[in-house]
Amino acid sequence: MGDDSFKLLSSSLAEKHGYPGKVFKWKSNANDMFLEFQVYLVKSKIFELSVVSREGENHNPFITRYFDSFEI
């Protein structure tokens with residue numbers, strides 16, 4: 001991200017409906033907020049999905065359901 005106030009917690013390859021993507025999880029050191037950012041390449045277009053949460057590093061099933069609700 002190029003911003004010292006954010007720490008990358010993880011990044012992993014992903015796939016949504018057969019399209020390649022990548023998932024990034026960041027933590028803001030300034031306010032303890034968490035950002036999950038997903039990016040997918042669909043034909044010649046890039047789709048970006050993101051969620052900001054105060055849930056901490058624990059798994060939040062609502063975030064997963066939110067991302068799963070999108071169809072490409």
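## Strand β1 and its pairing with β2

Glutamate 15 stands opposite proline 20, a residue of strand β2. This pairing belongs to a predicted model, in which strand β1 (residues 6–16) and strand β2 (residues 19–28) run antiparallel and are joined by 10 bridges. Another opposed pair across these strands consists of phenylalanine 6 and serine 28, the latter in β2.

The connection between β1 and β2 is a hairpin with 2 residues between the strands. Histidine 17, located in the turn, has a positive phi of about 55°.

## The β2–β3 hairpin

Strand β2 is also joined to strand β3 (residues 34–42), by 7 bridges, and these two strands run antiparallel. Valine 23 stands opposite glutamine 38 of β3, and glycine 21 has tyrosine 40 of β3 as its bridge partner.

β2 and β3 form a hairpin with 5 residues between them. In this turn, aspartate 32 has a positive phi of about 55°.

## Sheet order and the helix

The 4 strands form an open sheet in the order β1-β2-β3-β4, with antiparallel pairing. Its edge strands are β1 and β4 (45–53), each of which pairs on one side only. From one strand to the next, the twist averages 15°.

Helix α1, comprising residues 61–68, lies across β1, β3 and β4. The helix runs at about 160° to β4.

## Glutamate 36 in strand β3

Glutamate 36 lies in strand β3. With a relative accessibility of 15%, glutamate 36 counts as buried, because the cut-off for that class is under 20%. The side chain of glutamate 36 makes a polar contact with the side chain of glutamine 38, at 3.2 Å. Glutamine 38 is the residue that valine 23 stands opposite.

When residues up to four places away in sequence are not counted, glutamate 36 touches Val23, Phe24, Lys25, Leu49, Ser50, Val51, Ile63 and Phe67. Among these residues, Val23, Phe24 and Lys25 fall within the range of β2 (residues 19–28). Leu49, Ser50 and Val51 fall within the range of β4 (45–53), and Ile63 and Phe67 within that of helix α1 (residues 61–68).

## Valine 42 in strand β3

Valine 42 is likewise placed in strand β3. Its relative accessibility is 10%, so valine 42 counts as buried. Leaving aside neighbours within four places in sequence, valine 42 is in contact with Tyr19, Phe47 and Ile72.

The contact with Ile72 joins positions that are 30 residues apart in sequence. Measured in space from C-alpha to C-alpha, valine 42 and isoleucine 72 are 7.8 Å apart.

## The aromatic pair

The structure holds 1 aromatic pair. The ring centres of phenylalanine 24 and phenylalanine 37 are 6.4 Å apart and the ring planes stand at 40°, so the pair is classed as tilted. Phenylalanine 24 lies in strand β2 and phenylalanine 37 in strand β3, and the pair therefore ties together parts that are 13 residues apart in sequence.

Phenylalanine 37 is partly exposed, as its relative accessible area is 25%. Phenylalanine 24 is also one of the residues that glutamate 36 touches.

Methods: Residues are numbered from 1 along each chain as its sequence is written. This is a predicted model: local features need pLDDT of at least 70, side-chain atom pairs count only at pLDDT 80 or more; totals for chains, interfaces and linings use all residues. Side-chain values use heavy atoms; hydrogens and water are left out. Two strands pair if DSSP finds at least two bridges between them. Buried means under 20% relative accessible area, exposed over 50%, partly exposed in between (1.4 Å probe, protein chains only). A polar contact is a pair of N or O atoms within 3.5 Å; within protein, one must be able to donate a hydrogen and the other to accept it, and residues adjacent in sequence count only if both atoms are side-chain atoms. Contact means heavy atoms within 4.5 Å. Axes are lines fitted to C-alpha atoms, for helices over the stretch in contact, and angles run from 0 to 180 degrees between N-to-C directions. Rings of Phe, Tyr and Trp (its six-membered ring) pair if their centres lie within 6.5 Å; planes under 30 degrees apart count as stacked, over 60 as edge-to-face and the rest as tilted.
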